Amino acid sequence: MSTLGVVVQVVLLIVVAPYLVGVMRQVRARLEGRAGAGVGQPWRDLRKLFRKEPMSPAGSSWVFVAAPAVLVASTLVIAAVSPFVATVSPLDGTADLFAVVALLLLGTVALALAGLDTGTAFGGMGASREMTVAALAEPTILLAGFALSARVGSTNLSAIVERGQQSPGAVLSPATLLAAVALAVVVVAEAGRLPVDNPSTHLELTMIHEAMVLEYAGRDLALVEFASALRLTVLLGLWANLFLPWGIATTASAPALLLGVVAFVAKVAVLGAVLAAGEVFMAKLRLFRVPELLAGSFLFGVLAVSSSFFLA
């Protein structure tokens with residue numbers, strides 16, 4: 001039955017990810033006074049792209065072709081091992097903070113190498129900016145994770161989530177609140193959302209993620225867009241379960257898994273709607289201001305670690 005939980009959450013994230021993007025676009029459209037294309041539009045776009053033939057720019061190598069598959073595969077592994085629906089899993093031993101951060105970085109590096117492989121100015125520019133953001137964001141994830149793991153004595157994500165369920169008061173501790181702020185900024189940066197990046201822009205002066213994928217088309221572009229939506233869902237889901245762990249299943253029974261599915265969908269939908277609503281009233285930061293924002297999140301991570309060891 002524990003294997004069923006892994007299958008359920010992987011299938012759930014695959015299905016929910018494009019709909020989450022659709023919900024966020026719809027929220028933005030309504031707040032901006034537009035009708036919007038509907039919540040299911042991202043799935044329709046993916047279906048159309050999967051029917052088209054992929055194309056590779058002249059001079060590119062296997063790195064360009066393999067990057068979308070690596071990006072999707074690394075994100076799916078995170079979806080399988082992390083506690084999104086249930087904390088009981090045969091893969092529980094691999095649900096480690098270091099492993100998840102490494103998989104996130106693997107996808108980032110693969111896409112950055114693909115941007116460089118095209119040999120275009122936009123690809124190189126986007127890859128350089130993406131690695132700058134990653135270099136500043138990844139240490140913050142580790143620091144926030146250390147702050148949460150100090151009260152558990154383990155960097156295992158399932159153990160951290162279970163401890164949050166058992167001790168609800170710990171969620172309101174200074175260390176946890178500081179870690180929540182630090183990780184919230186990192187989630188925005190890693191997902192390529194405002195104010196760090198604008199996923200709907202094609203202005204060359206501001207592009208980060210879009211600059212790396214300009215040369216993709218057809219099925220390859222569909223994989224990249226799907227991976228981007230899945231990555232956003234994974235990041236929001238991790239934040240929700242680390243700091244709002246209620247509802248996640250601790251057993252492999254069918255009612256517990258059903259409650260875990262409902263709780264996960266509700267939490268991710270609310271977080272996505274809040275993020276989309278905030279983007280309506282937020283402008284993109286100038287590029288040289290982004291390191292300042294991420295340095296601020298790193299400082300919150302340092303304070304979280306200091307608070308956790310001081311209180312311990």
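A nonpolar core is a set of buried Ala, Val, Leu, Ile, Met, Phe, Trp, Tyr and Cys residues that are joined through side-chain atoms within 4.5 Å. In the predicted model described here, the largest such core has 83 residues, and those with the most contacts inside it are Y216, L232, L242 and F243. Helix α9, which runs over residues 218-243, supplies the largest share of this core, namely 16 residues.

The overall architecture is considered next. The secondary structure of the protein comes to 11 helices and 0 strands, and read along the sequence the pattern is accordingly α-α-α-α-α-α-α-α-α-α-α. Along its principal axes the C-alpha trace spans about 55 × 45 × 40 Å. A compact globule of 312 residues would have a radius of gyration near 20 Å, and the value for the protein, 19 Å, therefore agrees with that expectation. Buried residues make up 51% of the 312 residues, while the protein exposes about 13,400 Å², of which carbon and sulfur atoms supply 71%. Among the contacts with a separation of 6 or more, 79% are accounted for by residues that stand 24 or more positions apart in the sequence.

According to the unreviewed UniProt entry, the annotation "transmembrane region" covers residues 6-24, 61-85, 97-119, 170-189, 221-244, 256-281 and 293-311. Two of these annotated spans can be compared with the model itself. Residues 221-244 are 96% helix and 0% strand, with their end C-alpha atoms 34 Å apart. Over residues 256-281 the chain is likewise 96% helix and 0% strand, and here the end C-alpha atoms are 38 Å apart.

Which residues does L232, one of the residues with the most contacts inside the largest core, touch beyond its neighbours in sequence? When residues up to four places away are not counted, L232 touches L20, V21, M24, A191, R193 and L275. The contact with L20 can also be followed from the other side: L20 is found in helix α1, which covers residues 2-31, and it touches L232, T233 and L236 as well as V268, A269 and G272, again leaving out residues up to four places away. L20 counts as buried because its relative accessibility is 3%, and the cut-off for a buried residue is under 20%. L20 and R151, by contrast, are 131 residues apart in sequence and 32 Å apart in space, taken from C-alpha to C-alpha.

The structure holds 4 aromatic pairs. One of them is formed by W239 and F243, whose rings lie 5.2 Å apart from centre to centre with 50 degrees between the planes, an arrangement that counts as tilted. Both W239 and F243 are buried. The two residues are separated by about one helical turn, because they stand 4 residues apart in helix α9. F243 also belongs to the group of residues with the most contacts inside the largest nonpolar core.

A further helix is represented by V261, which is found in α10, residues 254-280. V261 has a relative accessible area of 19% and so is buried, the cut-off being under 20%. Not counting residues up to four places away in sequence, V261 touches V8, L12 and V85. V261 and V85 are 176 residues apart in sequence, yet their C-alpha atoms are 5.6 Å apart in space.

Two positions in loops complete the description. Most peptide bonds are trans. The bond that joins L194 and P195, however, is cis, with an omega of about 5 degrees. P195 lies in the loop between α7 (174-190) and α8 (209-212), and its relative accessibility of 14% is why it counts as buried. Beyond residues up to four places away in sequence, P195 touches V188, M282, A283, K284, L285 and L293. Although P195 and K284 are 89 residues apart along the chain, their C-alpha atoms are separated by 4.2 Å. The second position, N156, lies in the loop between α5 (121-149) and α6 (157-166). N156 counts as buried because its relative accessibility is 11%, and it touches D92, G93, A95 and D96 when residues up to four places away in sequence are not counted.

Key: Residues are numbered from 1 along each chain as its sequence is written. This is a predicted model: local features need pLDDT of at least 70, side-chain atom pairs count only at pLDDT 80 or more; totals for chains, interfaces and linings use all residues. Side-chain values use heavy atoms; hydrogens and water are left out. UniProt positions are given in the numbering used here, feature names are shortened, and annotations may be inferred rather than shown by experiment. Buried means under 20% relative accessible area, exposed over 50%, partly exposed in between (1.4 Å probe, protein chains only). Contact means heavy atoms within 4.5 Å. The radius of gyration is taken over C-alpha atoms; the globule rule is 2.2 Å times the number of residues to the power 0.38. Accessible areas come from the Shrake-Rupley method with a 1.4 Å probe; for residues, only the protein chains shown count as cover. Rings of Phe, Tyr and Trp (its six-membered ring) pair if their centres lie within 6.5 Å; planes under 30 degrees apart count as stacked, over 60 as edge-to-face and the rest as tilted.
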